[in-house]
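Trainee: I should like to learn how to read the features of a structural model. May we work through one together?

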Amino acid sequence: MLKVAVGVSVALTLSACAGRAPDISPLVLASDKQMSCEAIEAETRVNNAKITDLSAEQGFKLGQNVVAGVAGMFVWPAWVGLDFQNAAGKEAEALSQRNAYLLTLARDRCRPKTQTASLPDVPDTVVVQSAFASNADMQSALSQ
């Protein structure tokens, strides 16, 4: 009985080391109200780089879990090394949500100034000629 208790306590202790806890970034920060358009764009770029790194980590963890799962078929303590926390996936999801929030901020604050095009005033004396008008008709319209 003592061996079983020691084995279970060792397994529980080692299972706590199997994966790291996720470091989830908050969706909204207090400093968001003062962010300029350039700062929003810079933070979005940094978040996208982190998401790329986290996807590589997530792929590595998936491979590690597959190896630990297969090895656990033959040596059960290997199952202790399985990572069920999915820290990289949770962090990437939080960064994606943060980027979506930053996109809404950018849409509200960083809109380009719209300009309406206006046509120049056409004088009343100009006569619009047909494309099939003769050269003499066009000359007379230009000379007026």
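Trainee: Is Asn 47 buried or exposed?

Mentor: The general idea is to compare the relative accessible area with a cut-off, and buried means under 20%. In this predicted model, Asn 47 has a relative accessibility of 4%, so Asn 47 counts as buried. The residue lies in helix H2.

Trainee: Which residues is Asn 47 in contact with, leaving aside its neighbours within four places in sequence?

Mentor: Those contacts are with Leu 95, Arg 98, Asn 99 and Leu 102. These four also appear among the buried residues of H3. Others in that list include Ala 87, Ala 88, Gly 89 and Leu 105. Helix H2, residues 37-74, is part of what covers the buried residues of H3.

Trainee: How does the span of H3 relate to what is expected for a helix?

Mentor: One sets the distance from the first C-alpha to the last against the expected rise per residue. H3 runs over residues 87-109 and reaches 33 Å, close to the 33 Å expected at 1.5 Å a residue.

Trainee: What is the relative accessible area of Glu 57, and how is Glu 57 classed?

Mentor: Values between the limits for buried and exposed, 20% and 50%, are called partly exposed. Glu 57 has a relative accessible area of 25%, and is therefore partly exposed. Like Asn 47, which lies in helix H2, Glu 57 is found in that helix. Beyond its neighbours within four places in sequence, Glu 57 is in contact with Arg 20 and Ala 88. Its C-alpha is 8.9 Å from that of Gly 89, although the two residues are 32 apart in sequence.

Trainee: How many salt bridges does a search of the whole structure find?

Mentor: The search finds three. In one of them, the side chains of Arg 98 and Asp 32 meet at 2.8 Å, N to O. That pair links distant parts of the chain, since Arg 98 is in helix H3 while Asp 32 is in the loop between H1 and H2, 66 residues away. Both Arg 98 and Asp 32 are buried.

Trainee: Which residue of H2 forms a salt bridge with Arg 98?

Mentor: Glu 43 does, with the closest N and O atoms 2.9 Å apart. Here too distant parts of the chain are linked, Glu 43 in helix H2 and Arg 98 in helix H3, at a separation of 55 residues. Asp 32, Glu 43 and Arg 98 are thus linked in a network of salt bridges. Arg 98 itself has 2% relative accessibility, so it counts as buried.

Trainee: Where do Glu 41 and Arg 45 lie?

Mentor: As a general point, an α-helix has 3.6 residues a turn, so residues three or four places apart point the same way. Glu 41 and Arg 45 both lie in helix H2, four residues apart, about one turn. Their side chains meet in a salt bridge of 3.0 Å, N to O. Glu 41 is partly exposed, at 47% relative accessibility.

Trainee: Which residues make the nonpolar surface patch?

Mentor: The patch, of about 960 Å², is made by Leu 62, Val 66, Val 70, Met 73, Phe 74, Val 75, Trp 76 and Trp 79. Phe 74, found in helix H2, is exposed, with a relative accessible area of 73%.

Trainee: Where in the chain is confidence lowest, and where is it highest?

Mentor: One reads the pLDDT by element. The mean is lowest in helix H1, residues 2-15, at 59, and highest in H3, at 92. The chain averages 79, and 72% of the residues score at least 70.

Methods. Residues numbered from 1 in each chain as written. Predicted model: local features only at pLDDT ≥ 70, side-chain atom pairs only at ≥ 80, totals over all residues. Heavy atoms only, no water. Helix = DSSP H or I, 4+ residues; strand = E, 2+ residues; numbered from the N terminus. Expected span 1.5 Å × (residues − 1). Buried < 20%, exposed > 50% of the residue type's maximum accessible area, 1.4 Å probe, protein only. Contact = heavy atoms within 4.5 Å. pLDDT = per-residue confidence, 0-100. Patch = residues over 30% accessible without salt bridge, like charges linked within 9 Å, V, L, I, M, F, W, Y side chains within 5 Å. Areas by Shrake-Rupley, 256 points an atom, 1.4 Å probe, with all protein chains shown as cover. Salt bridge = Lys/Arg side-chain N within 4 Å of Asp/Glu carboxyl O.
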